Amino acid sequence: MFDYKGKVVAVTGASSGLGKQMAEGFAQCGADLVLLARRVERLEESAKEWSEKYGIEVFPVKCDVTDSDSINEAVAQIEERFGHCEVILNCAGGEKGTGTPLTDFKKEDWEYTLALDLTAIYESTKAFTNLMKKAMEAGKQSYGRVINIASIYGLVGNKS
């Protein structure tokens, strides 16, 4: 169940927090990784460490999930490098406006939050599922999975 040898797992938000932790969990299961985030220098550090520690291939890719062109370019790089991707883990997030009372929440923060927490999931899932479908049709993989991670703030809100 947890053997990912020969599988490719892509993780957005892999430079820190849950994205980084989940990426390492897949590394421990033998998955080759694609680490996606804006802060590529952090990705490169993890890539070096995990490729040596777990004996896997780790491909760091600079990607801003709020920019569909950036997502599509990342997927093109993944297709060129691996030819397939079994799992996309949408884990990118941010803290802009977290804990801000509605009366003080700026419209720019609202728009950024929607772009990051909603539109980015749609755009990255669409791009990755297109790659997965193409790879399945070519016999390079037998399945594709999408895992979306959300903030606890979606359940508890803000008491301010």
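Trainee: Before we start, what does "buried" mean here?
Mentor: Happy to set that out, and do keep in mind that this is a predicted model. Relative accessible area decides the label, and a residue counts as buried when that value is under 20%.

Trainee: Is Cys91 buried or exposed?
Mentor: Let's apply that cut-off. The relative accessibility of Cys91 is 10%, so Cys91 counts as buried.

Trainee: How many disulfides does a search of the whole structure find?
Mentor: A disulfide is a covalent bond between the sulfur atoms of two cysteines. To count here, the two sulfurs must lie within 2.5 Å. The search of the whole structure comes back with a count of zero.

Trainee: Why is Cys63 not bonded to Cys85?
Mentor: Cys63 is itself buried, because its relative accessibility is 6%. Its closest cysteine sulfur is that of Cys85, and the gap is too far for a bond, at 12 Å.

Trainee: And how far away is the cysteine sulfur nearest to Cys91?
Mentor: Cys91 takes part in no disulfide either. Its nearest cysteine sulfur belongs to Cys63, at a distance of 14 Å.

Trainee: Turning to helix α4, where is its kink centred?
Mentor: This helix covers residues 107-137 and reaches 43 Å from first C-alpha to last, close to the expected 45 Å. Along the way there is a kink of about 40°, and its centre is Thr119.

Trainee: Which strands help cover the buried residues of α4?
Mentor: Those buried residues include Leu116, Ala120, Phe128 and Leu131. Their cover includes the helix α3 (68-81). The strands included are β1, β2, β4 and β5.

Trainee: Which residue just after α4 takes a positive phi?
Mentor: Its phi is about 75°, and the residue is Gly139.

Notes. Residues numbered from 1 in each chain as written. Predicted model: local features only at pLDDT ≥ 70, side-chain atom pairs only at ≥ 80, totals over all residues. Heavy atoms only, no water. Helix = DSSP H or I, 4+ residues; strand = E, 2+ residues; numbered from the N terminus. Expected span 1.5 Å × (residues − 1). Bend = angle between axes of the 7 residues up to and from the residue. Buried < 20%, exposed > 50% of the residue type's maximum accessible area, 1.4 Å probe, protein only. Contact = heavy atoms within 4.5 Å.
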